[in-house]
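Hi,

Here is the structure I promised to pass on to you. Have a look at it first, and then read on for what turned up.

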Amino acid sequence: MNKRTMSLASPRIVVCHENALARITLTHSPLNVIDFQMMDELREALTHAEQQPQISTIILEGDEKAFSAGVDVAVHTPELIKTMFEKFHGLIMQIVKLSKITIAEVQGACLGGGAELAMVCDMCFTTPDAKWGFPEIALGCYPPVACTALAALVGEKRAADLIFTGRAFSGQEAADWGLATEAHAGDDLQEAIQIRLDHLYKLSPAALAHAKKAFYAWDSIHLDKGLARAEKIYLEELMKTEDAKEGVQAWMEKRKPVWKGF
């Protein structure tokens with residue numbers, strides 16, 4: 001097997017090309033929190049993979065402890081939130097528009113922006129005991145990508161429950177609800193992914209790229225407009241409330257937030 005570690009390896013990610021596969025591993029210990037550096041490196045790695053005609057599939061993975069615990073809370077402040085949206089939502093849209101098939105491999109924590117990263121991949125394989133959730137509401141904010149796209153995957157009522165309560169749920173539940181493709185424990189997770197890869201390797205990368213473009217035609221229109229609206233509400237309305245500032249400040253000070261309701 002032609003396997004080599006790319007020069008894009010860094011403290012945040014490691015990229016490995018294996019013939020038709022590009023494997024991107026998040027390596028920001030201990031919980032693969034997505035900071036600005038990781039966003040930039042992921043976008044660069046995806047751009048590089050997109051330009052390689054021999055690559056048909058991209059796997060995004062973390063480690064046993066965490067796929068990703070989400071976007072760095074420190075960049076949710078009024079001074080940084082607009083830049084965060086530009087970088088993170090730019091990354092999300094890049095993944096959605098890739099011509100390559102994307103697969104998320106989820107173990108451990110998969111929360112907030114990490115769960116959003118996994119949910120926009122074409123397929124997602126998770127361990128049953130992985131900890132999923134969209135806990136942003138506990139910080140006095142909300143997850144724009146999930147608000148825009150989660151209902152299409154799990155249904156409106158369940159999406160409302162998960163976003164409005166911020167409660168955690170298991171990888172098995174994620175698979176049962178359609179947020180993940182399948183849930184497997186231990187070595188069975190790798191075997192399930194390999195079965196899909198073996199199927200994909202037999203197919204034309206050009207045909208897969210065009211099929212993907214056609215498959216997401218309506219969703220792409222919805223995501224473009226919906227995410228823009230979710231950002232507008234967040235920046236122009238939510239960030240003007242005292243509660244939005246209090247939620248992030250309380251988290252940084254390691255105390256319970258005191259909500260004012262405005």
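**The enclosed cavity**

Helices α2 and α3 each supply at least two residues to the lining of the largest cavity. Please keep in mind throughout that this is a predicted model. The structure holds one cavity of 30 Å³ or more, and the volume of the largest cavity is about 90 Å³. Its lining is made of 14 residues, and those closest to the centre are His76, Met84, Glu116, Glu136 and Pro144. Helix α2 has the largest share of that lining, with four residues. Sorted by class, the cavity lining comes to nine nonpolar, three polar and two charged residues.

**Tyr234 in helix α9**

Two of those cavity residues come up again when you look at Tyr234, a residue of helix α9. Leaving aside residues up to four places away in sequence, Tyr234 touches His76, Ile81, Phe85, Cys141, Tyr142, Pro144 and Met239; His76 and Pro144 are also among the residues closest to the centre of the largest cavity. Is Tyr234 buried or exposed? Tyr234 has a relative accessibility of 1%, so it counts as buried. For a sense of distance, Tyr234 and Leu179 lie 55 residues apart in sequence, and their C-alpha atoms are 24 Å apart in space.

**The two largest pockets**

Now for the open spaces, which may be what you want to look at next. The largest pocket holds about 480 Å³ of space. It is lined by 26 residues, of which Ala69, Val71, Val73, Leu139 and Trp251 are the closest to its centre. Which elements give two or more residues to this lining? They are strand β7 (109-111) and helix α10 (242-252), and α10 gives the most, with three residues. By class, the lining of the largest pocket has 15 nonpolar, eight polar and three charged residues.

The second largest pocket has a volume of about 410 Å³. Of its 21 lining residues, Met119, Val120, Leu153, Tyr216 and Asp219 are the closest to the centre. At least two lining residues come from each of α2 (81-97), α3 (113-119), β8 (123-126), α4 (144-154) and α9 (217-236). Helix α9, where Tyr234 lies, gives the most to this lining, with four residues. Helices α2 and α3, both contributors here, also each supply at least two residues of the cavity lining. In the second largest pocket, the classes split into 15 nonpolar, four polar and two charged residues.

**Strand β2 and its hairpin**

Closer to the start of the numbering, you will find strand β2 (residues 13-18). Five of its six residues are buried, so β2 is largely enclosed by the rest of the structure. Strand β2 runs antiparallel to strand β3 (residues 21-26), and six bridges join the two. Within this pair, His17 stands opposite Ala22 of β3. The hairpin of β2 and β3 has two residues between the strands, and Asn19 takes a positive phi near 60 degrees there.

**Cysteines**

How many disulfides are there? The count is zero, taking a disulfide as a pair of cysteine sulfur atoms within 2.5 Å. Cys16 is in no disulfide, and the nearest cysteine sulfur to it, that of Cys121, is 18 Å away. Cys16 has a relative accessible area of 10%, which makes it buried. Cys124 is in no disulfide either: the nearest cysteine sulfur belongs to Cys110, at 6.4 Å. Cys124 also counts as buried, at 2% relative accessibility.

**Ile195 in helix α7**

One last residue to show you is Ile195, which is found in helix α7 (residues 187-201). Its relative accessibility is 40%, and Ile195 therefore counts as partly exposed; the range for that class lies between 20% and 50%. The C-alpha atoms of Ile195 and Arg229 are separated by 39 Å, with their positions 34 residues apart along the chain counted as a sequence separation.

Happy to talk any of this through.

Best wishes

Key. Residues are numbered from 1 along each chain as its sequence is written. This is a predicted model: local features need pLDDT of at least 70, side-chain atom pairs count only at pLDDT 80 or more; totals for chains, interfaces and linings use all residues. Side-chain values use heavy atoms; hydrogens and water are left out. Buried means under 20% relative accessible area, exposed over 50%, partly exposed in between (1.4 Å probe, protein chains only). Two strands pair if DSSP finds at least two bridges between them. On a 1 Å grid over the protein atoms alone, a cavity is a set of points where a 1.4 Å probe fits but cannot get out, and a pocket is an open set with protein on both sides within 12 Å along at least five of seven lines; lining residues have an atom within 4 Å of a point. Grid points are joined across faces, edges and corners, and a volume is the space filled by probe spheres set on the points. Ala, Val, Leu, Ile, Met, Phe, Trp, Tyr, Cys and Pro count as nonpolar, Asp, Glu, Lys and Arg as charged, and the others, Gly among them, as polar. Contact means heavy atoms within 4.5 Å.
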